[in-house]
Amino acid sequence: MRNPLRQLGLAGLAALALASPARTQDNPSIDLGLSLANPYLVSRGFQPSDELNLQPSIDLIVPVEKGKVTFGYWGDFNKDGRFETDWTITYNCTLGKVPHLGALTGQVALNQYNVPDLKLEEWNGSVQLSDHVLAPKVFVAADFRDGKGNVAELSVNPHFKLGPLNLDTTLAALYNDHYATDRSGWSGIRADVSAPFKIAPGTTLTLGARFFHATRDDFEDHTAFKATLSHHFDLSRTPK
């Protein structure tokens, strides 16, 4: 049976993507990515696989008058035959400016995660002070399929420039309310660090690491590393 909330969300996000881009100078674009992750550690603290995983992705990014809509695919598989396919529709926009703190940005997304023996479908959203030195962010998600629960994340996301090296970092506290578990409470602390390296026009190699420290006994401590090769295609119109 089709979920009416999902259908309404798909229709709304599709309408945003088809909105007139007359007042934006941005062009539609496509991002292609291929990652090697060892192991595969989800941002919410779950580790579906403890082996080397290959993770392809593709995003179609459509600028609209007040932001952008992204249609995304992400996959994960390894030599043991584990295969995951995820589909996402995301709308990003600037909500306004906060005095002395800078831009307040927002995001809303409808995601479907197809993992072995489990299907997760969720609404999620976030708000962030993007211009602040700490870039604090509040994220919430509610699953309406097999996950049958909610998650929340409070994070700071500072950016560091060390000479030619750019570092993107995240330190997050995670709350899990019966999301793919039978318990509720703070589940752990996650730290992410990544460094992008431009290796050709439009092509970037990003090296990253993720650390998760569990704060309750139905989660475990984990460490993971990832290398991602990505390419950005600008779908600008050819001048006449």
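Biologist: Where is R44 found relative to β1 and β2?
Modeller: This is a predicted model, so local features need pLDDT of at least 70 and side-chain atom pairs count only at pLDDT 80 or more, while totals for chains, interfaces and linings use all residues. Residues are numbered from 1 along each chain as its sequence is written, and side-chain values use heavy atoms, with hydrogens and water left out. Helices (H or I, at least four residues) and strands (E, at least two) are DSSP runs numbered from the N terminus. On that basis, R44 is found in the loop between β1 (29-38) and β2 (53-64).

Biologist: How many strands does the protein chain have?
Modeller: Read along the sequence, the pattern is α-β-β-β-β-β-β-β-β-β-β-β-β-β. Beside one helix, the protein chain therefore has a strand count of 13.

Biologist: Is R44 buried or exposed?
Modeller: The classes rest on relative accessible area, where buried means under 20%, exposed means over 50% and partly exposed lies in between (1.4 Å probe, protein chains only). Because R44 has a relative accessible area of 11%, this residue counts as buried.

Biologist: Which residue shares a polar contact of 2.9 Å with the side chain of R44?
Modeller: A contact means heavy atoms within 4.5 Å, and leaving aside neighbours within four places in sequence, R44 has contacts that include Y113, N124, F139, L174 and Y179. A polar contact is stricter, being a pair of N or O atoms within 3.5 Å; within protein, one atom must be able to donate a hydrogen and the other to accept it, and residues adjacent in sequence count only if both atoms are side-chain atoms. The side chain joined to that of R44 in this way, at 2.9 Å, belongs to Y179.

Biologist: Which residue forms a salt bridge with R44?
Modeller: A salt bridge is a side-chain nitrogen of Lys or Arg within 4 Å of a carboxyl oxygen of Asp or Glu, and the structure holds ten of them. For R44 the closest N and O atoms are 2.7 Å apart, the partner being E122. That pair links distant parts of the chain, 78 residues apart, with R44 in the loop between β1 and β2 and the partner in strand β6 (residues 118-129). Both residues are buried, R44 and its partner E122.

Biologist: How many residues apart are K79 and E51, which also form a pair?
Modeller: K79 forms a salt bridge with E51, the closest N and O atoms being 3.9 Å apart. The pair links distant parts of the chain, K79 lying in the loop between β3 (67-77) and β4 (83-98) and E51 in the loop between β1 and β2, at a separation in residues of 28.

Biologist: What is the relative accessible area of E121, the partner of R145?
Modeller: R145 forms a salt bridge with E121, the closest N and O atoms being 3.5 Å apart. R145 lies in the loop between β7 (137-143) and β8 and E121 in strand β6, so the pair ties together parts that are 24 residues apart in sequence. At 33% relative accessibility R145 counts as partly exposed, whereas E121 is buried, with a relative accessible area of 2%.

Biologist: What is the relative accessible area of L154?
Modeller: L154 lies in strand β8 (residues 150-156). This residue counts as partly exposed because its relative accessible area is 45%.
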